[in-house]
Amino acid sequence: MLLKILGASAGGGFPQWNCHCNGCETVRVGQAQTLTQSSVAIQAGDGSWFLVNASPDVRQQIEQMRLQGCFPAVETAKRTLPFAGILLTDAEVDHTTGLMLLRESSQPLKVYSPVSVKLALTTGYPLFSTLQNYCGVEWSALESGTVISLATGLEVEAFALSTKPPKYMVGEALADEIWGIGLTFRDLTRGSVITYTPGLAVIDEAMRSRFEASDCILVDGTFWTNEELPALGIGSRTALQMGHLPLSGEDGSLKQLAKLSTSRKILVHINNTNPILLTNSPERQLVEAAGVEVGYDGLTLEFQVFILCNYLYRNYLSLKSRQSLGRKKSLKLFFVLNIDVIIIFILSINA
Ligand code: MLT
Ligand code: MN
Ligand code: ZN
């Protein structure tokens, strides 16, 4: 399983077209990295790719994937879709608008989502209905509490995250409906587990256990403070009212993430007003000191660790037995022979 962050920013991107906050202006003078809107892609062991959330920047994100050599086998002449499926964690504008940009596909879009998302995308924001006259949509249910197989050796489990409806569904929505899900991907061949929660309002005991049982987590990093938008005079809703647990404070997510034993904890869906996007900010230093990473476009995670360990261990055993060397000598020889393999592995996971 391979995971790529296609867009690490929240809705609006970094910089946002009409925003003049400190962060957006810093990007414009070339002193911070531009970020596209929230999306990731997962590759199964058989080579097939799955898009997780379809952002308004999907066209540019696919071109980036192509440049990075993600689609060697895709038929370029036939206008096919390079994704075996599209998973939607919610029906927010920033996670679904990209579907319209995929209308030129020669095949129907295979979309997986909770039924609430399907309802939103056929009523309040009727993307599914509109797409019926273009490429079409083949919808499959992805409900919280269920596990489905996406490809050979790759399964995904959905779990409830948010009951907050998208703004355009307020009034029409049922109060206790699950409007947002998180996803846990499991590579059954390699045993690796990734959990993705771009819209997280609470970290409870169940979420902590899920995070600790994952090799890597991609977590909501939208806002630094609860009052971030009202304080800047650019929005009336607090982070919590928008369904996003802020990072800072005693009850904030950073303190809780710092305690987790998970190997890699990466923030995604980061709003352009969040000071952690500026590498020299004190807030960024606090995130890094907590052992948490700030996601960025193109960050790729390759889970080869089990295969590598197996390979190295078998190499060590064969050295030890075939040459009837002692433990010390065979360890020495092992490191001389394998140091390049270890370096390539480290480079590949940091690429
Ligand atoms: C969110 O993540 O809360 C939404 O995308 C915000 C919005 O309505 O744009
Ligand atoms: Mn969003
Ligand atoms: Zn801004």
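A residue is taken to be near a molecule or strand if its C-beta atom, placed from the backbone, lies within 6 Å of it. By this criterion, the surroundings of ligand 1 are formed by Ala-10, Gly-11, Glu-92, Val-93, Asp-94, Lys-167, Gly-199, Met-242 and Gly-243. Sorted by class, this shell holds 3 nonpolar, 3 polar and 3 charged residues, where Ala, Val, Leu, Ile, Met, Phe, Trp, Tyr, Cys and Pro count as nonpolar, Asp, Glu, Lys and Arg as charged, and the others, Gly among them, as polar.

The model is a predicted one, in which local features need pLDDT of at least 70 and side-chain atom pairs count only at pLDDT 80 or more, whereas totals for chains, interfaces and linings use all residues. Residues are numbered from 1 along each chain as its sequence is written, while chains are lettered from A and ligands numbered from 1 in the order in which they are written.

Helices (H or I, at least four residues) and strands (E, at least two) are DSSP runs numbered from the N terminus, and two strands pair if DSSP finds at least two bridges between them. On these terms, 7 strands form an open sheet with mixed pairing, in the order β7-β8-β9-β10-β11-β12-β13. Its edges are β7 (147-151) and β13 (293-294), each of which pairs on one side only. Strands β10 (residues 193-197) and β11 (residues 216-220) run parallel and are joined by 4 bridges; Tyr-196 has Leu-218 in β11 as its bridge partner.

Tyr-196 and Leu-218 also appear among the contacts of Val-40, which, when neighbours within four places in sequence are left aside, include Leu-3, Lys-4, Ile-5, Leu-6 and Val-52 as well; contact here requires C-beta atoms, placed from the backbone, within 7 Å. Val-40, Val-52 and Leu-87 touch the most other members of the largest nonpolar core, which has 79 residues. Such a core is a set of buried Ala, Val, Leu, Ile, Met, Phe, Trp, Tyr and Cys residues joined through C-beta atoms within 7 Å, a residue being buried if 20 or more other C-beta atoms lie within 10 Å of its own, exposed if 12 or fewer, and partly exposed in between.

Two residues that are not glycines have a positive phi: Arg-79, at about 55°, and His-269, at about 50°. Arg-79 lies in the loop between α2 (58-67) and β4 (85-87) and is exposed, because 11 other C-beta atoms are within 10 Å. His-269, in the loop between β12 (264-268) and α10 (282-289), is buried, with 31 C-beta neighbours inside 10 Å.

Terms used. Two residues are in contact if their C-beta atoms, placed from the backbone, lie within 7 Å.
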